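Good morning, colleagues. Today I should like to take you through the side-chain contacts of one structure, which I will now put on the screen.

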Amino acid sequence: MPYLLCAATIALPFSIAVANILFVCSLFIAFTSGLWSRGAGILWQQAKPLTIAWFAYIILMLIGLIWSPDIQRGLVIISKQWSWLIIPVFIAACENKTWQNRILFSISTGLFLHLLLCIAQSQGIPLPVAAPGGSSVQDPAGLIGHISFGLVYGIWAAWLLHIGMLKNDKMRYMLWALAAFSTMWVFIVQGRSGYLVVLTLGCIMAWKLWIQHMNPRLIFGAVVISILAITTIAMGPAKNRIQSTVDSLHAFSQGDLQHAEARISLWYLAWESWKTKPLIGVGTGGFPNASDAIAARHPNLNLEGQTHIAVPHNIYLMELVRWGPLGLVILLLFLSCWIRMGWRVDWQQPHHLLIAISGIALSVHGLSSQAIEEYHASVYTAIFLAVGLASLKYKSDVSLFPTPKKTSHIRSHS
């Protein structure tokens, strides 16, 4: 089974179909062999509040079908939650430290090769298959796509930076260079959610790993990466994206929804849809019907020609619309349990920080996307969470900030 997981993580950035087949095979083996139950048991022992919050979220999603006007769409939404089932599989596989390292190496291999594909795309070389929405020569997001690219590579770059700090050889500089290049490419791709994810993780890591300890070497590394990011914003196409956001927010503040960008109109639709049923929401799968009715009454909205709106590109508004205030509270509990657990572990260990940074990245990404139900966003954060949880049983002797050895002074008397 671990071989299948390694193959799946290498294929994940390139082919959803191949990755899904390998994940399904891994799930089947894990279920029949009892490894899934073992992984689920470890998950329950290590993360009870997180597991309970996730169950509450799924139960509410099922109950929400009762008052949904579109049960078929509700079932499709529920089916998208399968990615969270692979968490126990990865936990069980990563119980063996050797396989934990192999899986992390496979994830890195897949992302590195995909980054090379993005470079080729930026030079006008056509992709082997049709590019997903938002991925083009101008925004070379490869086969992961424009929306989830910043989340995936933001988490990977943060982890690479951390691993580089633990190294004492030339490998450190290679890892740092790769982290810096991945960060720079997030800005080249121009996904504004990616900007927020990278900058948020950078600030979090600066606080947890650098500022608290005031290690000059580590602060220097942070400054270099920050300069690269800022330079890319100032000189590259990211500057135009940020300026368009500022202009859009200004138009919205003046009540001009027609000249505000489409995403703000989607958020407005979600807010107005929630107001139709503020206590229980419109049910699981009910948002498209509710938003269509609202859009018909507001022809001045900028929906970029779309006549049927499926999601508002914001997980917080989405759950508020679906299930009312209770839905939003449960979502916030789920994410806060995730981040709280990751915040309390030992960040000086090699992989423990994956718990927190995956939860933080998903929470930030969810401000402008349907993060929990996006394929790459949900699958990658689930994998990083699982590897982080599995690593809690291992303690490394290597520390970013080793405690100085106490020396005893023996006074001799003549």
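I will speak about aromatic pairs, then the nonpolar cores, and finally the salt bridges. Please bear in mind that this is a predicted model.

Let me begin with the aromatic residues. Searching the whole structure gives 19 aromatic pairs. One of them joins Tyr 3 and Trp 99; the ring planes stand at 85° with the centres 4.6 Å apart, so the geometry is edge-to-face. This pair links distant parts of the chain, since Tyr 3 belongs to helix H1 and Trp 99 to helix H7, 96 residues apart. The two partners sit in contrasting surroundings: Tyr 3 is exposed at 62% relative accessible area, whereas Trp 99 is buried at 14%. Trp 99 has a further neighbour, for the charged end of Arg 102 sits over its ring, 4.6 Å from the centre.

A second edge-to-face pair is formed by Trp 84 and Phe 334, with 6.0 Å between centres and 90° between planes. Here the separation is 250 residues: Trp 84 is in the loop between helices H5 and H6, and Phe 334 is in helix H15. Trp 84 is buried, with 6% relative accessibility, and Phe 334 is buried as well, with 4%. Both residues are part of one aromatic cluster, together with Tyr 57, Trp 323 and Trp 338.

Trp 338 brings us to the interior. The largest nonpolar core has 104 residues, and Trp 338 is among those with the most contacts inside it, as are Phe 23 and Ile 383. Helix H8 supplies the largest share of this core, 14 residues. Leaving aside residues up to four places away in sequence, Trp 338 touches Trp 84, Leu 362 and Leu 385, among others. Another core, of 15 residues, lies apart from the largest one and includes Leu 269 and Trp 274.

Which salt bridges does the search find? There are four in the whole structure. Glu 95 and Arg 38 meet at 2.5 Å, N to O; the former is in the loop between H6 and H7, the latter in helix H3, 57 residues away. Glu 95 is buried at 18%, while Arg 38 is partly exposed at 47%.

Glu 373 and Arg 322 form another, at 2.7 Å. Glu 373 lies in the loop between helices H16 and H17 and Arg 322 in helix H15, so the bridge ties together parts 51 residues apart in sequence. Glu 373 is buried at 11%, and Arg 322 is buried at 2%. Glu 319 joins these two in a network of salt bridges.

Notes
Residues are numbered from 1 along each chain as its sequence is written. This is a predicted model: local features need pLDDT of at least 70, side-chain atom pairs count only at pLDDT 80 or more; totals for chains, interfaces and linings use all residues. Side-chain values use heavy atoms; hydrogens and water are left out. Rings of Phe, Tyr and Trp (its six-membered ring) pair if their centres lie within 6.5 Å; planes under 30 degrees apart count as stacked, over 60 as edge-to-face and the rest as tilted. Helices (H or I, at least four residues) and strands (E, at least two) are DSSP runs, numbered from the N terminus. Buried means under 20% relative accessible area, exposed over 50%, partly exposed in between (1.4 Å probe, protein chains only). A charge sits over a ring if NZ of Lys or CZ of Arg is within 6 Å of the ring centre and within 35 degrees of the ring normal. A nonpolar core is a set of buried Ala, Val, Leu, Ile, Met, Phe, Trp, Tyr and Cys residues joined through side-chain atoms within 4.5 Å. Contact means heavy atoms within 4.5 Å. A salt bridge is a side-chain nitrogen of Lys or Arg within 4 Å of a carboxyl oxygen of Asp or Glu.
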